[in-house]
Amino acid sequence: MARQAVLTRPDGPMKFWAVLHEAVLYQRFAVRPDTMRDQLRRLLDIAELPSVTLQVMPLAATPHPGGAGGFNLVGFPGPVPDVVLLENLIGATYVEGVDEVQVFADAFERIVAAALPVDDSMALITRLEEESRR
């Protein structure tokens with residue numbers, strides 16, 4: 001919960017923008033069937049925060065750079081340079097060079113453009129959450 005508090009802190013929340021692939025919204029857990037419903041509800045709740053933007057990459061999306069793997073683009077205020085975090089099974093790698101980080105910033109713009117608009121993304125998540133209650 002402490003990590004999530006940065007989204008609502010009084011001195012100015014951290015901005016968070018995520019693009020989730022539609023396939024992750026269909027994951028089911030046989031041991032706890034309510035898990036995905038709860039996660040979908042949490043996504044909808046978090047998406048209401050003004051500092052959070054969520055989009056869904058549809059299954060039928062055109063090719064985009066997100067197919068090469070996930071990454072976290074972290075921007076800082078002031079003179080601190082942006083970085084990219086790449087996580088994998090054996091650890092993490094930080095990309096720090098301005099030109100290299102720009103490659104990821106450009107890729108994120110293309111990913112956002114290929115994803116569903118925010119309203120459509122929220123409508124899809126809402127529909128799946130409602131269906132999961134049946």
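This note walks through the structure in numbered points, from the overall layout to single residues.

1. **The whole.** Please keep in mind as you read that this is a predicted model. The protein has three helices and five strands. Read from the N terminus, these elements come in the order β-α-β-β-β-β-α-α. Along the principal axes, the C-alpha atoms fill a box of roughly 50 × 40 × 35 Å. Of the 134 residues, 26% count as buried.

2. **The parallel pair.** A good place to start is strand β1 (residues 16-21), which runs parallel to β2 and is joined to β2 by six bridges. If you would like a pair of residues to look for, His21 stands opposite Met57 in β2. How is strand β2 (residues 52-57) placed with respect to the rest of the structure? Five of its six residues are buried, so β2 is largely enclosed by the rest of the structure.

3. **The antiparallel pair.** Further along the chain, β4 pairs with strand β5 (residues 91-95) in the antiparallel sense, over five bridges. The two strands are joined by a hairpin, which passes through two residues. Here the pair to look for is Leu85, which stands opposite Tyr94 in β5. As general background, side chains in a regular strand alternate between the two faces of the sheet.

4. **A nonpolar patch.** Which residues form a nonpolar patch on the surface? They are Val74, Phe76 and Val80, and together they have about 220 Å² of accessible area. Val80 sits in the loop between β3 (72-74) and β4 (83-88). With a relative accessible area of 44%, Val80 is partly exposed, because a residue counts as exposed only over 50% and as buried only under 20%.

5. **Helix α2.** Val103 belongs to helix α2 (residues 98-114). Its relative accessible area is 53%, so Val103 is exposed. Val103 and Ala114 are 11 residues apart in sequence, and their C-alpha atoms lie 17 Å apart in space.

6. **Helix α3, length and buried face.** Helix α3 (residues 118-132) has 15 residues, and at 1.5 Å a residue these should span 21 Å. The end C-alpha atoms of α3 are in fact 21 Å apart, which agrees. Which residues of α3 are buried? They are Ser121, Met122, Leu124, Ile125, Leu128 and Glu129. Looking down the axis of α3, you will find these buried residues within an arc of 160 degrees, so they line one face of the helix.

7. **Salt bridges within helices.** The count of salt bridges comes to five. In general, side chains of opposite charge can pair when their charged atoms come close. In helix α1 (residues 35-47), Asp45 forms a salt bridge with Arg41, and the closest N and O atoms are 3.2 Å apart. Both residues lie in α1, four residues apart, or about one turn of the helix. In α3, the side chains of Glu131 and Arg127 meet in a salt bridge of 3.0 Å, N to O. Glu131 and Arg127 are separated by about one helical turn because they are four residues apart in helix α3. The general rule behind this spacing is that an α-helix has 3.6 residues a turn, so residues three or four places apart point the same way. Glu131 is partly exposed, at a relative accessible area of 35%, and Arg127 is partly exposed at 38%.

8. **A salt bridge between helices.** Arg41 also meets Glu129 through their side chains, in a salt bridge of 3.9 Å, N to O. This pair links distant parts of the chain, with Arg41 in helix α1 and Glu129 in helix α3, 88 residues apart. Is each partner buried or exposed? Arg41 is partly exposed, with a relative accessible area of 33%, whereas Glu129 is buried, with a relative accessible area of 5%. Asp45, the partner of Arg41 within α1, is partly exposed at 35%.

9. **A network to find.** Finally, have a look at Asp34, Arg37 and Asp38, which are linked in a network of salt bridges.

Note on methods: Residues are numbered from 1 along each chain as its sequence is written. This is a predicted model: local features need pLDDT of at least 70, side-chain atom pairs count only at pLDDT 80 or more; totals for chains, interfaces and linings use all residues. Side-chain values use heavy atoms; hydrogens and water are left out. Patches are made of residues with over 30% relative accessible area and no salt bridge: like charges are joined within 9 Å, nonpolar side chains (Val, Leu, Ile, Met, Phe, Trp, Tyr) within 5 Å. Accessible areas come from the Shrake-Rupley method with a 1.4 Å probe; for residues, only the protein chains shown count as cover. A salt bridge is a side-chain nitrogen of Lys or Arg within 4 Å of a carboxyl oxygen of Asp or Glu. Buried means under 20% relative accessible area, exposed over 50%, partly exposed in between (1.4 Å probe, protein chains only). Two strands pair if DSSP finds at least two bridges between them. The expected span of a helix is 1.5 Å times one less than its number of residues. The arc is that of the directions from the helix axis to the C-beta atoms.
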